[in-house]
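User: Please take a close look at one part of this model, the helix that matters most for the lining of its open and enclosed spaces, and set it beside the loops and helices around it. I would like one connected account rather than a list.

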Amino acid sequence: MTDFIFETKKGHKIKYYRGGQGDKTYVLIHAQGTSSKSYFSIAKKLGQKAQVLLLDCYGHGGSDKEKSLYSLACIGDDFFELFSTLQLSNINLVGHSSGGLIAAYIESKYHCCQELFLEDPPFFSSWGGRRFKTYNYVDLSSVCHDYLEEDKKEDFVTYYFEHQYAWNFFPEKSREKLRGKMVENAKKFRKKHPDRDLQVSFWPKDALEGFKGMNDYDPYFGLTFYDNSFHQDIDYEELLGNIKCPTTFLKAQTKTDPETGLLMAALSEEDLNHVARLVKNLEIVRCRCGHAIHVEKKRQFLAALDHREYREVDLKALLSGRNNQ
């Protein structure tokens, strides 16, 4: 794919990637903390039969880093200006997590989509008082807040790795010892390879996908989810009710910590039902995986974009059947 810089009428710069060929056009918007890199492998597949654009949100990748730009409306409006300048119409718009909120905003306001694909966006759960009981709030949002409050000068990637909420899932007796060793490995890697995405031995591969593009992430963006300013002046019920094109919602597994009540997912089942009541032409695709569906269930994700049937193979049952023969 070839990278470009688009300058809006107000002088803001958006980095985007374009490639592929075909009659269809897919535009993909990444989640916060990552960048267009997160969708590179998906774009490679889609580009075999369609045109593909990947957009870096403000505060991410090669797009402008300016606190005043970090709101849903600002990013959505400027992305639509890019679409208009490139004369894109009837696009298939895809958004992951916060990118899904942006994608929904664009279709709701401008009705420019042939189809809309929402990859586990946090409707209702990330807004207002609800956000305090979500994984994103206790994880990335709070780490960004603490990093900025402490006026840290150190590398944000290693700071986040050291302070991420995921350490709470390790056994208490060995947690600090493991954290110390792994953080030291992360710091060594970052010192040796400051321009590469973080790699840490024995850390889950899928979890490391969340660090793709974090080198170019502005923690002030995360602060907008901490203080709720990302959603400024947005009425999500009105936004969702105004979506007119066929919409596919890819929903990851829903989990809640039974002890703390912390939502370990982008949104709850009640939130999803709320979305379904508001969006008139909605298909729900359930995925047995975590939040990054396009990473953990790549084949199912691509099948959903094509509306192809997807059947998941139960490897345990398959192997068990073979062993019993």
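Analyst: In this predicted model, D216 is in contact with G59, H60, G61 and K65, once its neighbours within four places in sequence are left aside. D216 sits in the loop between α7 (205-208) and α8 (219-226), and because its relative accessibility is 38%, it counts as partly exposed. Computed along the chain D216 and W167 are 49 residues apart, and their C-alpha atoms lie 23 Å apart in space.

From that loop the account can pass to α4, since α8 is among the elements that cover the buried residues of α4, as is α5. Helix α4 has 15 residues, and the distance from its first C-alpha to its last is 20 Å, close to the 21 Å expected at 1.5 Å a residue. Helix α4 nevertheless carries a kink of about 40°, centred on S142. S142 is itself one of the buried residues of α4, alongside Y137, D139, L140, S141, V143, C144, H145 and Y147. After the helix comes D151, whose phi is positive, near 55°.

The loop on the other side of α4, between β6 (113-119) and α4, holds F124. F124 has a phi near 70°, a positive value in a residue other than glycine, and with a relative accessibility of 12% it falls under the 20% cut-off and so counts as buried. A further case lies elsewhere in the chain: N90 has a positive phi near 50° and is likewise not a glycine, and its place is in the loop between α2 (72-85) and β5 (91-96). As background to these values, most residues other than glycine have a negative phi.

Turning to the open space, the largest pocket holds about 1,400 Å³. The elements that give two or more residues to the lining of this pocket are α4, α7 and α11 (293-296), and α4 gives the most, with 4 residues. In total 44 residues line the largest pocket, and those nearest its centre are Y135, D139, G290, H291 and A292. D139 thus appears in two settings, as a residue nearest the centre of the pocket and as a buried residue of α4. By class, the lining of the largest pocket divides into 21 nonpolar, 17 polar and 6 charged residues.

The enclosed space also involves α4. There is 1 cavity of 30 Å³ or more, and the largest cavity has a volume of about 30 Å³. The residues lining the largest cavity are S126, R131, T134, N136, Y137, S141 and F225, and helix α4 (residues 135-149) supplies the largest share of them, 3 residues. The classes in this lining are 2 nonpolar, 4 polar and 1 charged. Y137 and S141, which belong to the cavity lining, are also among the buried residues of α4.

Helix α5, which takes part in covering the buried residues of α4, also leads on to α6, because α5 (156-163) is included in what covers the buried residues of α6. Those buried residues are R175, R179, M182, V183, A186, F189 and R190. The 21 residues of helix α6 (residues 172-192) should span 30 Å at 1.5 Å a residue, and since the end C-alpha atoms are 31 Å apart, the computed length agrees with that expectation.

Key: Residues numbered from 1 in each chain as written. Predicted model: local features only at pLDDT ≥ 70, side-chain atom pairs only at ≥ 80, totals over all residues. Heavy atoms only, no water. 1 Å grid on protein atoms, 1.4 Å probe; cavity = no way out; pocket = protein on both sides within 12 Å on 5 of 7 lines; lining within 4 Å. Points joined across faces, edges and corners; volume = space filled by probe spheres on them. Nonpolar A, V, L, I, M, F, W, Y, C, P; charged D, E, K, R; others polar. Expected span 1.5 Å × (residues − 1). Buried < 20%, exposed > 50% of the residue type's maximum accessible area, 1.4 Å probe, protein only. Contact = heavy atoms within 4.5 Å. Bend = angle between axes of the 7 residues up to and from the residue.
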